[in-house]
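Got your viewer open? Let's walk through this one stop by stop, picking a selection each time and saying what is there.

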Amino acid sequence: MDLQNSYRFPGDFIWGAATASYQIEGAYDEDGRGLSTWDVFSRLPGKVRNGDTGDVACDHYHRYKEDVALMKELGLKHYRFSVAWPRILPEGEGEVNQKGLDFYSDLVDELLAAGIEPLITLFHWDLPQALQDKYEGWGSRRTAELFADYTRIVVRHLGDRVKRWATINEIMCFTTLAHREDQHAPGGKRDKAYTNQTVHNALLGHGMALKVIKEECPQAQVGIVENLMAPWPYYRTEEDLKAARKAWKDMNGQRLMPLFTGVYDEEAFKRAGEPLPKVEEGDMELISQKMDYIAYNYYSHPPVRAAQNEWGFELVQMPEAFSRTDMDWPITPEALYWSLIFTKELFGDIPIYIAENGMAAADKVEEDGSIQDGDRVEFLRNHLRMCHKAIEDGVNLKGYYVWSFMDNFEWAFGYSKRFGIVRVEYDTQKRTVKESGRYYSLVIKENRVL
Ligand code: GCO
């Protein structure tokens, strides 16, 4: 058995880890940072488990040097993080906060000095509260325009050193989940017409920002990060495969079809009984500008099988005892493989990054202080095998960023869920590399699944 050559990845494969500003930075009112919608939402009673907030989080704002040193120790070559808009523009527009820019500039320098290449997400949900108050946030086109202005400021400042950019992370979470389920900031249940308009305005913001980045830095690699709905064939039969393909297109269509084709899938809206958003002239051209890559966050998805109903498919619910993460999400690596295949079928050879993948586990600290998170090791191994298989089958998968570099504020779940390959002790801010961190480190070093 030639271990060295089994599950080996291409030489230029991107191995990284990901985080997001509100989840790790803390220092919520320091150095001129304005409030974000998450600062406000997390303070509303009952919205976040245990009343947790991101006020301190992992205190990364003060400890970024230590964190970058740890990344280097682990051999990470790439790091995805997000910039907090309210650090740069406390009011969302108008006066620029130099100290906010300095923080990210120093972070980028620290990373580059450690041989780690940054991928910056410009919006990972922490909208300046001022824009929510003044314009209803993403309910208004104005926010899309201001997002482009903010993007220009950040890219002018960091674009000489940062080559990879993601405009927006997971549109559904701060639009649909926020306004239908009231689970995410800014919250407040709204009707479908409003919700669909927030999705459109966010897509527009993506398009406007992409244009700005290309104007400022023509060489930059720019894309968007979407949470992948990943229906996959329950059985490997032609019928189930056809059903899964259809389900995949239907479920991701609201965002991926306009991004790739410049049109909304009217049929899909009709079937779901949903109003199409109001679109102005030129919007769809902006939204569908060519991206350099598409990035997915993938965690879990049930399979589908063929069904005699109006959809042509039905979801197969996994049994209660099926293996699940600490979020209660079934562990379904096969779904990732099929989504990569369907992307190739629908959108051709556009480079793909997995911008997040990982699991929450109820980690236990052993007596010797170590964290033997074998469940997370197994999770990573099985998902990486699927990535490898997809590449073998011709998919242009270019990179993988594990979620997350360290335990952090898991939105409505507060600090109760741990996704890190590094443990954070919140009372002391002590970092400890978990077994999964060591495993991932070795994967990177050997460029193969171990
Ligand atoms: C997400 C987010 C992350 C989450 C992770 C785990 O994009 O949903 O980008 O912030 O923490 O997905 O739920």
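Start with the largest pocket, which holds about 1400 Å³ of space. Keep in mind as you go that this is a predicted model. To get your bearings, select Met172, Cys173, Leu177, Asn227 and Met229: among the 43 lining residues, these are the closest to the pocket's centre. Colour the whole lining by residue class and you should get 23 nonpolar, 12 polar and eight charged residues.

Now switch to cartoon. Which helix gives the most to the lining of the largest pocket? Pick H9 (176-181): with four residues, H9 is the top contributor. Then add H8 (171-174), H10 (192-216), H11 (238-261) and H12 (266-271), since each of these, like H9, supplies at least two residues of that lining.

Next, show the ligand as sticks. Where does the ligand sit? You're already there: it occupies the largest pocket. Bring up the shell around the ligand, which has 13 residues, and highlight the nearest ones, Gln23, His124, Glu170, Glu356 and Glu410. By class, that shell splits into six nonpolar, four polar and three charged residues.

Zoom in on the ligand's oxygen atoms and try three distances:

- Glu356: one of its polar side-chain atoms is 2.5 Å from a ligand oxygen.
- Glu410: a side-chain N or O atom lies 2.6 Å from an oxygen of the ligand.
- Tyr299: here a polar side-chain atom is 3.0 Å from a ligand oxygen.

How much of the ligand's accessible area does the protein cover? Taken on its own the ligand has 310 Å² of accessible area, and the protein covers 95% of that.

Time to leave the pocket and look for enclosed space. Searching the whole structure turns up three cavities of 30 Å³ or more. The largest cavity contains about 70 Å³ of space. To find it, select Leu127, Gln132, Trp138, Phe174 and Pro186, the closest to the cavity's centre out of 14 lining residues. This lining is made up of eight nonpolar residues, five polar and one charged.

Stay on Pro186 for a moment. You'll find Pro186 in the loop between H9 and H10, so you can reach this residue by following the chain on from the pocket's top helix contributor, H9. Check the peptide bond leading into Pro186 from Ala185: it is cis, with omega near 5°.

There's another cis bond to visit. Select Trp403 and Ser404, which are joined by a cis peptide bond with omega about 10°. Ser404 belongs to the loop that runs between strand E10 (397-403) and strand E11 (422-425).

For the last stop, head to Tyr7, in the segment before strand E1 (14-18). What is phi here? Near 55°, so a positive value in a residue that isn't glycine. As background for these backbone stops, most residues other than glycine have a negative phi, and most peptide bonds are trans.

Technical notes
Residues are numbered from 1 along each chain as its sequence is written. This is a predicted model: local features need pLDDT of at least 70, side-chain atom pairs count only at pLDDT 80 or more; totals for chains, interfaces and linings use all residues. Side-chain values use heavy atoms; hydrogens and water are left out. On a 1 Å grid over the protein atoms alone, a cavity is a set of points where a 1.4 Å probe fits but cannot get out, and a pocket is an open set with protein on both sides within 12 Å along at least five of seven lines; lining residues have an atom within 4 Å of a point. Grid points are joined across faces, edges and corners, and a volume is the space filled by probe spheres set on the points. Ala, Val, Leu, Ile, Met, Phe, Trp, Tyr, Cys and Pro count as nonpolar, Asp, Glu, Lys and Arg as charged, and the others, Gly among them, as polar. A residue is near a molecule or strand if one of its heavy atoms lies within 4 Å of it. A polar contact is a pair of N or O atoms within 3.5 Å; within protein, one must be able to donate a hydrogen and the other to accept it, and residues adjacent in sequence count only if both atoms are side-chain atoms. Accessible areas come from the Shrake-Rupley method with a 1.4 Å probe; for residues, only the protein chains shown count as cover. A molecule sits in a cavity or pocket if more than half of its atoms lie within 2 Å of its grid points.
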